[in-house]
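Trainee: I should like to take a close look at a single part of this structure and at what surrounds it. Could you guide me through one helix and its setting, step by step?

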Amino acid sequence: MSTSSRKLDHIRICLDQEVDTMARPLEDIVLLHQALPEIDEQDIDTSCRFLGKDLAAPLMICAMTGGHPATKEINLRLGQAASEMGIAIGVGSQRAALEDSRLEETFSVVREAAPDIPVIGNIGAVQLKRSGPEILEKLAEMIDADAIAIHLNFLQESIQPEGDRDGAGVLQAIKSAAEGPLPIMVKETGAGISGEVARNLVCAGIKMIDVSGTGGLSWAGVEAFRAAETEDEDLEEMGRLMECWGIPTPVSIVECRSAGAYVIASGGVRSGLDIARSLALGAGLAGASLPFLRPATEGKDAVVRTTRSYIRALRMAMFLTGSQDLTQLGRSPLVVLGRTREWLEARGFDTNAFSVYREL
């Protein structure tokens, strides 16, 4: 199956099937309510800077699609909404456009719709290794990218019948990419990034990590649905077995932040409250993909409504924690409960340290 056709499969399954995991680890993060916030809600400032550009809120529509003619309209609407709302956006893997230049417009339409916000390109780590760092310039030119995300999706590749499981030499390829002029981000695709991997990436020159932990869309689950459609019982079984494999998003945020990376929190970010939880844990930005997909099939205004809901809930969480800006939110006390607390303590973190007002 071609890369282009596979992308359409992914969109269809994400729209038609239940592909979110049942677990919601970000709900283990409880922000401490301030009964006396001592701020005027109207004075709350959600703005920030990312990749040298101003954002109205610390939110990114994460890498989602592109690479099939049917996805062009989706990306157009996502780009239009991101531009209107002043948030960042990433495109899906540009591999299909490298294989067929006629598909470039399914990606470039994002920049045409969003000239003033950060737009992040996307390529798989294995494709980068095989093509060499020189391919990054072509990817960036395709969409006038502010940065390129190198995605790590070895769990998904393990389930795909077309999967590429050659993970040897990837870190060196990432290091070579980081030595170039383009800002480089490394992102997972739903299985999280550990502190050990984050330290390796930071040592390789990577400054930005999108954790994409467990708690949201499961690409192993998506591939299980694809396998079921082709009656590949072995791969379907593996997809079901591994659909919750990985590191929970809040754990990955803490681990990657402790390694010195600028963290983008994704993986189960389903509301502005989840953005607030993520930033209080140490992330600089939060992102989501699946919650924006169905609205994008309806129209630009539906994506705008979803974005406004995220920002409205973020403002409410900031007001109720007495946080007038994002810096204060990042120091806001929180309580870590449940399996997330067990994870972090087993990994050597003192979760009580989050429960007091912090200077990061």
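Mentor: What follows is an account of helix H2 and of the parts around it. Please bear in mind throughout that this is a predicted model.

Let us begin with the helix itself. H2 covers residues 72-85. The helix has 14 residues, and the distance from its first C-alpha to its last is 20 Å, close to the 20 Å expected at 1.5 Å a residue. Several of its residues are buried, namely Ile74, Asn75, Arg77, Leu78, Gly79, Ala81, Ala82 and Met85. To read such a list, recall that an α-helix has 3.6 residues a turn, so residues three or four places apart point the same way. In H2, Ile74 and Leu78 are both on the buried list, as are Ala81 and Met85.

Which elements cover these buried residues? The cover includes helix H1 (3-16), strand E4, strand E5 (88-90), helix H4 (105-113), helix H14 and helix H15 (300-320).

Of these neighbours, H14 deserves a closer view. Helix H14 consists of residues 290-298, and its axis lies 9 Å from that of H2, at an angle of about 105°. Angles of 65 to 115 degrees count as roughly perpendicular, and H2 and H14 are therefore roughly perpendicular to each other. On the H2 side, the contact is made by Ile74, Arg77 and Leu78; on the H14 side, by Phe292, Leu293, Ala296, Thr297 and Glu298. Sorted by class, this contact has five nonpolar residues, two charged ones and one polar one. Ile74, Arg77 and Leu78 also appear among the buried residues of H2.

H15 is another part of the cover, and one of its residues is Thr307. Is Thr307 buried or exposed? Thr307 counts as buried because its relative accessibility is 0%. Leaving out residues up to four places away in sequence, Thr307 touches Leu59, Met85, Ile87 and Phe292. Met85 belongs to the buried residues of H2, and Phe292 takes part in the contact between H14 and H2.

Next, consider what lies on either side of H2 in the chain. The loop between strand E4 (59-61) and H2 holds His68. His68 is buried, because its relative accessible area is 17% and the cut-off for buried is under 20%. Apart from neighbours within four places in sequence, His68 is in contact with Ser4, Ser5, Leu8, Leu103 and Thr106. Just after H2 comes Gly86, which has a positive phi of about 70°.

Finally, strands E4 and E5 lead us to the barrel. Eight strands close into this barrel, in the order E4-E5-E6-E7-E8-E9-E10-E11, with parallel pairing. From one strand to the next, the twist averages 30°. E4 and E11 run parallel and are joined by three bridges; in one pair, Met60 has Gly287 of E11 as its bridge partner. On E11 there is also pairing with strand E10 (residues 262-265), in the parallel sense and over two bridges. There, Ala265 has Ala286 of E11 as its bridge partner.

In a regular strand the side chains alternate between the two faces of the sheet. In E11 (residues 285-288), Leu285 and Gly287 are on one side and Ala286 and Ala288 on the other, and all are buried, with both faces of the strand covered.

Key
Residues numbered from 1 in each chain as written. Predicted model: local features only at pLDDT ≥ 70, side-chain atom pairs only at ≥ 80, totals over all residues. Heavy atoms only, no water. Axes fitted to C-alpha atoms, helices over the stretch in contact; angles between N-to-C directions. Helix = DSSP H or I, 4+ residues; strand = E, 2+ residues; numbered from the N terminus. Parallel < 35°, antiparallel > 145°, perpendicular 65-115°, else oblique. Contact = heavy atoms within 4.5 Å. Nonpolar A, V, L, I, M, F, W, Y, C, P; charged D, E, K, R; others polar. Buried < 20%, exposed > 50% of the residue type's maximum accessible area, 1.4 Å probe, protein only. Expected span 1.5 Å × (residues − 1). Pairing = 2+ DSSP bridges.
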